[in-house]
Amino acid sequence: MALIAEPFGALPDGSPVIRYTLSRPGGLTLRVLTYGGIVQSLEVPDARGRVVNVVLGFASLHGYLAAGDAYFGCLVGRFANRLAGGRFSLDGENYAVDVNAGGNCLHGGSTGFDKRLWSAEPFNDNELRLTLTSPDGDQGFPGRLNVEVTYCLLESGVRIGYRATTDAPTVINLTNHSYFNLAGEGSGSVEAHTLVIDADEFTPVSRDLIPTGEVAVVAGTPLDLRRKTAVGAHLRDPHRQLLAARGYDHNYVLRGTGLRRAARLADPTTGRVLEVLTDQPGLQLYTGNFLDGSHVGIGGRAYRQGDGLALETQHFPDSPNHPAFPSTVLRPGQLFATSTTWLFHTD
């Protein structure tokens, strides 16, 4: 095992960005940036031992700074996904947070955790610990939030651990926003990948992608991914949920509690398989619907819709405005702690 730190450019204010590389014998290699806690690349062997990068990203810091709100590989917070109108109430107080997506707050606002410089501390040869302090009032959110995210390189995957504490009541929802393409970054569409999501229900959205508050069954809809299904099989179905999102951009209500499998993604051409394990209640499937060819990735090819998909483990979108959804409230004295694991193997 090895851990290497190297410069990866500087932010406009001159702050240096560092790239950490964690690797294991056999080809599994993870590269993480201190900017945004971004997973810049994740190299994984296929059934024949051939190693390629399976996440979308950029060769330089400039690519990430120019990507706007495409969220390539980053850590997302304070509140992953959407908050309707950028508003919520907590303990009788009304809060207005930054709006950056059609009048709503998306992924924590226009200067969310994805656009922050994190402090980094290698814990050992296979673990990197990132920390960030979000002050009271940051993007409108209450409370001073101390966040720690750990990337741990396992024998056959990556475990991401999230921890946070606050000095005042607040809401929190953290995730990673990597886009996966198991055939390799820049190889084209993932529509031939097969996907299973271990969920019988999902949270329908309105035309502006805000949850209606309903929890609906996936049965009889193109969102039914309980059995192995090609990602592109129903992508163009004229279903109102897919039309609203221009594809899949939906939160699935995962079965069970505790650490369990949430999804299985497989590429039939290379034999690579990704299994996502989490203790979170939800999983957002996003098929890169707004990738429009304006971003050129590490391999020199433009990214278009469907060239990668995100499997974002999370609490439900807009949870503070839907009391029936699992609570996202964090109070002083409590510890927010959750983990997600990406396990790789071959068929």
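This short talk goes through the pocket, the cysteines, one sheet and one buried valine of the structure shown above.

Please keep in mind throughout that what we are looking at is a predicted model.

Let me start with the largest pocket, which holds about 510 Å³ of space. There are 28 residues lining this pocket, and those closest to its centre are Arg-82, Leu-106, Asp-249, Tyr-286 and Phe-290. If we ask what kinds of residues make up the lining, the division is into 11 nonpolar, nine polar and eight charged. Two strands, β25 (282-286) and β26 (292-296), each supply at least two residues of that lining, and the largest share, three residues, comes from β26.

I turn next to the cysteines. How many disulfides does the model have? The count comes to zero, and Cys-74 lets us follow the reasoning in one case. A disulfide is a covalent bond between the sulfur atoms of two cysteines. For Cys-74 the closest cysteine sulfur belongs to Cys-105 and lies 14 Å away, which is too far for a bond, because the pair would have to be within 2.5 Å to be counted. As for their surroundings, Cys-74 counts as buried, at 2% relative accessibility, and Cys-152 counts as buried as well, at 4%.

The third topic is a sheet of six strands, which is open and antiparallel in its pairing, with the strands running in the order β17-β28-β25-β22-β19-β20. Its edge strands are β17 (179-180) and β20 (216-217), each of which pairs on one side only. You will recognise β25 from the pocket, where this strand supplies at least two residues of the lining, and here β25 stands between β28 and β22 in the order of the sheet. At the β20 end, strand β19 (residues 199-203) pairs with β20 in the antiparallel sense over two bridges, and Glu-201 has Val-217, in β20, as its bridge partner.

Finally, I would like to look at a single residue, Val-147, which has its place in strand β13 (residues 145-153). Is Val-147 buried or exposed? With a relative accessible area of 3%, Val-147 is buried, since the cut-off for that word is under 20%. Setting aside neighbours within four places in sequence, Val-147 is in contact with Phe-113, Trp-118, Leu-130, Thr-131, Leu-132, Arg-163, Ala-164 and Leu-174. One of these, Trp-118, is 29 residues away along the chain, and its C-alpha atom is separated from that of Val-147 by 9.8 Å.

How values were computed. Residues are numbered from 1 along each chain as its sequence is written. This is a predicted model: local features need pLDDT of at least 70, side-chain atom pairs count only at pLDDT 80 or more; totals for chains, interfaces and linings use all residues. Side-chain values use heavy atoms; hydrogens and water are left out. On a 1 Å grid over the protein atoms alone, a cavity is a set of points where a 1.4 Å probe fits but cannot get out, and a pocket is an open set with protein on both sides within 12 Å along at least five of seven lines; lining residues have an atom within 4 Å of a point. Grid points are joined across faces, edges and corners, and a volume is the space filled by probe spheres set on the points. Helices (H or I, at least four residues) and strands (E, at least two) are DSSP runs, numbered from the N terminus. Ala, Val, Leu, Ile, Met, Phe, Trp, Tyr, Cys and Pro count as nonpolar, Asp, Glu, Lys and Arg as charged, and the others, Gly among them, as polar. Buried means under 20% relative accessible area, exposed over 50%, partly exposed in between (1.4 Å probe, protein chains only). Two strands pair if DSSP finds at least two bridges between them. Contact means heavy atoms within 4.5 Å.
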